[in-house]
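Work through these exercises with the structure open beside you. Try each task before you read its solution.

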Amino acid sequence: MSENIAMQLQSRFGSDNFNFFSGSGDLPAVRISNEFGVAEVMLHGAHVISYQPAGAVPVLWMSGKSMFTEKDPIRGGIPVCWPWFGPDPAGKFGGHGFARLSQWQVVETMHSPAGKSSVVLELTDQDVDAVFAPQPFKLQLTVTLGTALVAALKIFNTGDRELAYSGALHSYFNVADASAIAVEGLDDCSYRDSVLQCDDVQAGPVVIDREIDRIYRNTSGIVRIVDPVFNRVIKVAKSGSTSTVVWNPWIEKSKRMPDFGDEEYHTMVCVEAANAPAAGDSRVLPPGGMAELRQMISIE
Ligand code: BG6
């Protein structure tokens, strides 16, 4: 079925740089390619599922156990978590919101004179399963492939009352050996430790030597994932976010997640550009208001 959708999208939005196809689980996707590399985005969740700069090993991680169905979130890449980060504040639904469970629409593809390629996807309250009874809103995710991969989420309040939300660009990064990496840029920052259920202050780089699930407060700077085995640094910059989540499920939690291989924690780390409630970074948009959450990913 998604082959027909992909063909229709190809005739409307396709070009040398944008190839629409039927991806895993028959979910429609677009492959963006240019001199800078290749990235793939699924319409389900506006989910960036891969990013490979030219000549480099993949920068984003994807679980071999990920479900690719319309009712499940994808495990890996860049999930768009919205309009809540973590547990549903209303206590009704699962974690991380409905945006990652919804089918987004393609609005536009663009190729700039400088050689960058962007796709714009959109989700409104009208596209979301009625069970979520969402307030009026519009989201636009622009994914740009240039010297960096940029994911920019614009949030519009299209209703006539305040729109309160939290969220994240929940990026999963591909590393050679998680226990050998250093996550730099969070030194001296206070954080909520969701594993130990306490508050602490970061001393030096974050190392992954156990289950790590931390929400760093007042953090808007660049985070660098130093990978000595792949011999590279993944640079993660952002705007519109003052909370940063670092997550690796380690041994026991990996076993509990059906869509995550028991040994896969060795090769991933999440560094998330968040608007996290636990860090006092929830947002409120007035009627007609707009905000942007952006993450810029590159390698050095
Ligand atoms: C992280 C949270 O952001 O997402 C973790 O800090 C959570 O606690 C992880 O386990 C994955 O969430 P999910 O809903 O995709 O399994």
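**Exercise 1. Find the two sides of a helix.**
Task: Sort residues of helix H1 into buried and exposed, then say how the buried ones are arranged.

Solution. This is a predicted model.
Step 1. Pick out the buried residues of H1: they are Ser2, Ala6, Leu9 and Phe13.
Step 2. Look down the axis of H1. The buried residues fall within an arc of 65°, so they line one face of the helix.
Step 3. Turn to the other side of H1. Glu3, Met7, Gln8 and Ser11 are exposed there.
Step 4. Ask what covers the buried residues. The cover includes strand S1 (18-22), strand S2 (28-34) and strand S6 (105-111).

**Exercise 2. Check the length of the helix.**
Task: Compare the span of H1 with the span expected at 1.5 Å a residue.

Solution.
Step 1. Count the residues. H1 runs over residues 2-13 and has 12 residues.
Step 2. Take the expected span, which is 16 Å.
Step 3. Compare. From its first C-alpha to its last, H1 reaches 15 Å, close to the expected value.

**Exercise 3. Describe the two largest pockets.**
Task: For the largest pocket and the second largest pocket, give the volume, the central residues and the classes in the lining.

Solution.
Step 1. Start with the largest pocket. Its space is about 520 Å³. Its lining has 27 residues, and the closest to the centre are Phe85, Gly86, His96, Asp213 and Lys253.
Step 2. Find strands in this lining. Strand S16 (212-216) and strand S19 (243-248) each supply at least two residues.
Step 3. Sort the lining of the largest pocket by class. There are 14 nonpolar, 6 polar and 7 charged residues.
Step 4. Move to the second largest pocket. Its space is about 360 Å³. Of its 20 lining residues, Pro83, Trp84, Asp88, Phe98 and Ala164 are the closest to the centre.
Step 5. Which strand gives the largest share of this lining? Strand S10 (residues 163-165) does, with 3 residues.
Step 6. Sort the lining of the second largest pocket too. It has 14 nonpolar, 3 polar and 3 charged residues.

**Exercise 4. Look inside the cavity.**
Task: Say how many cavities of 30 Å³ or more there are, and describe the largest cavity.

Solution.
Step 1. Count. The structure holds 1 cavity of 30 Å³ or more.
Step 2. Give the volume. The largest cavity has about 40 Å³ of space.
Step 3. Name lining residues. Among them are Gly221, Val223, Lys238, Glu272 and Gln295.
Step 4. Place the lining. Strand S18 (232-239) and strand S20 (268-275) each supply at least two of its residues.
Step 5. Sort by class. The lining divides into 5 nonpolar, 3 polar and 2 charged residues.

**Exercise 5. Spot the backbone exceptions.**
Task: Locate a cis peptide bond and two positive phi values in residues other than glycine.

Solution.
Step 1. Recall the rule. Most residues other than glycine have a negative phi, and most peptide bonds are trans.
Step 2. Find the cis bond. It joins Trp82 and Pro83, with omega about 5°. Pro83 sits in the loop between strand S5 (80-81) and S6.
Step 3. Check Ala46. Its phi is near 50°. Ala46 lies in the loop between strand S3 (37-42) and strand S4 (47-53).
Step 4. Check Asn231. Its phi is near 60°. Asn231 lies in the loop between strand S17 (223-227) and S18.
Step 5. Are these two residues buried or exposed? Ala46 has a relative accessible area of 0%, so Ala46 is buried. Asn231 has 69% relative accessibility, so Asn231 counts as exposed.

How values were computed
Residues numbered from 1 in each chain as written. Predicted model: local features only at pLDDT ≥ 70, side-chain atom pairs only at ≥ 80, totals over all residues. Heavy atoms only, no water. Helix = DSSP H or I, 4+ residues; strand = E, 2+ residues; numbered from the N terminus. Expected span 1.5 Å × (residues − 1). Buried < 20%, exposed > 50% of the residue type's maximum accessible area, 1.4 Å probe, protein only. Arc of directions from axis to C-beta. Contact = heavy atoms within 4.5 Å. 1 Å grid on protein atoms, 1.4 Å probe; cavity = no way out; pocket = protein on both sides within 12 Å on 5 of 7 lines; lining within 4 Å. Points joined across faces, edges and corners; volume = space filled by probe spheres on them. Nonpolar A, V, L, I, M, F, W, Y, C, P; charged D, E, K, R; others polar.
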